[in-house]
Amino acid sequence: MATNAKPSRRLALYKYVNPVIRFLVRRGVGIGGSDMDLLRTLRVSGRSSGRIFEIPVRVAVIDGNRYIMTMGGDTQWARNLRASGTAQLLYRNRSEDITARELTGDEKTQFLTAVCQDPQFAARARSTLQSALGTQITDLGESDIRHLGELWYPFQLTPAAT
């Protein structure tokens, strides 16, 4: 499995920011500047407790497929989603049952390469890598994308069978 990034102060802020973002998504704030940035709430069950967790996520739409990814290492919600394979996406008063499949190998590398074509995600990728590696990143090369794959965990979303 991939290496885990150290928790940062930025990640600690999520404890305070996530409830505000969930509130805004329930009120209909959730469309970003492009299809690469749709804000939604992910509702997933805890893998051992069964407790329901709601986490704001950014949904990227690429070639008609929807994806989410952790940008803070192997997070609890990613572990829960990986274990269950199912969740709900919430927006306003609607919920959609989904299945999630984690991308791995070449598929993951191709996805991260495509996502990093978007200037906003490229900036996030450079920032993540600079924090992890402690060096300045100006252009994202192949080796940078491979290292990013050890820090970001993407999932492809599909509607759950009814």
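Here is a friendly exchange about the predicted model shown above.

Colleague: Good to see this one! What should I know about how the model is treated, and how many helices and strands does the protein chain have?

Modeller: This is a predicted model, so local features need pLDDT of at least 70 and side-chain atom pairs count only at pLDDT 80 or more, while totals for chains, interfaces and linings use all residues. Residues are numbered from 1 along each chain as its sequence is written, and side-chain values use heavy atoms, with hydrogens and water left out. Helices (H or I, at least four residues) and strands (E, at least two) are DSSP runs numbered from the N terminus. From that end the elements run α-β-β-β-α-β-β-α-α-α-β, and the totals come to 5 helices and 6 strands.

Colleague: Thanks! Is Asn80 buried or exposed?

Modeller: Asn80 sits in helix 2, residues 76-84. Buried means under 20% relative accessible area, exposed over 50%, and partly exposed in between (1.4 Å probe, protein chains only). Because its relative accessibility is 5%, Asn80 counts as buried.

Colleague: Which side chain makes a polar contact with the side chain of Asn80?

Modeller: Contact means heavy atoms within 4.5 Å, and beyond residues up to four places away in sequence, Asn80 touches Val44, Ser45, Gly46, Arg47 and Phe53. A polar contact is a pair of N or O atoms within 3.5 Å; within protein, one must be able to donate a hydrogen and the other to accept it, and residues adjacent in sequence count only if both atoms are side-chain atoms. At 2.6 Å, the partner of the Asn80 side chain is that of Arg47.

Colleague: Over to strand 5, then: how long is the polar contact between the side chains of Glu96 and Arg66?

Modeller: Glu96 belongs to strand 5 and is partly exposed, with a relative accessible area of 26%. Setting aside residues up to four places away, Glu96 touches Arg66, Ala87, Gln88, Leu89 and Pro159. The side chains of Glu96 and Arg66 are joined by a polar contact of 2.8 Å.

Colleague: Which residues touch the most other members of the largest nonpolar core?

Modeller: A nonpolar core is a set of buried Ala, Val, Leu, Ile, Met, Phe, Trp, Tyr and Cys residues joined through side-chain atoms within 4.5 Å. The largest has 17 residues, and strand 1 (38-45), strand 2 (52-62), helix 2, strand 4 (86-91), strand 5 (94-102) and strand 6 (153-159) each supply at least two of its residues. Apart from this core lies another, of 16 residues, among them Met69, Ala125, Leu151 and Trp152. In the largest core, those touching the most other members are Leu42, Val57, Ile68, Trp77, Leu81, Leu89 and Phe155.

Colleague: Lovely. Why do the buried residues of helix 4 lie on the same side, and what arc do they cover?

Modeller: The buried residues in helix 4 are Phe121, Ala122, Arg124, Ala125, Thr128 and Leu129. An α-helix has 3.6 residues a turn, so residues three or four places apart point the same way. The arc is that of the directions from the helix axis to the C-beta atoms. Those buried residues are on the same side of helix 4 because the arc they cover around the axis is only 160°.

Colleague: Last one: which residue with positive phi follows helix 4?

Modeller: At the start of helix 4, a side-chain oxygen of Asp118 reaches to within 3.0 Å of the backbone nitrogen of Gln120. After helix 4, the residue with a positive phi, near 75°, is Gly134.
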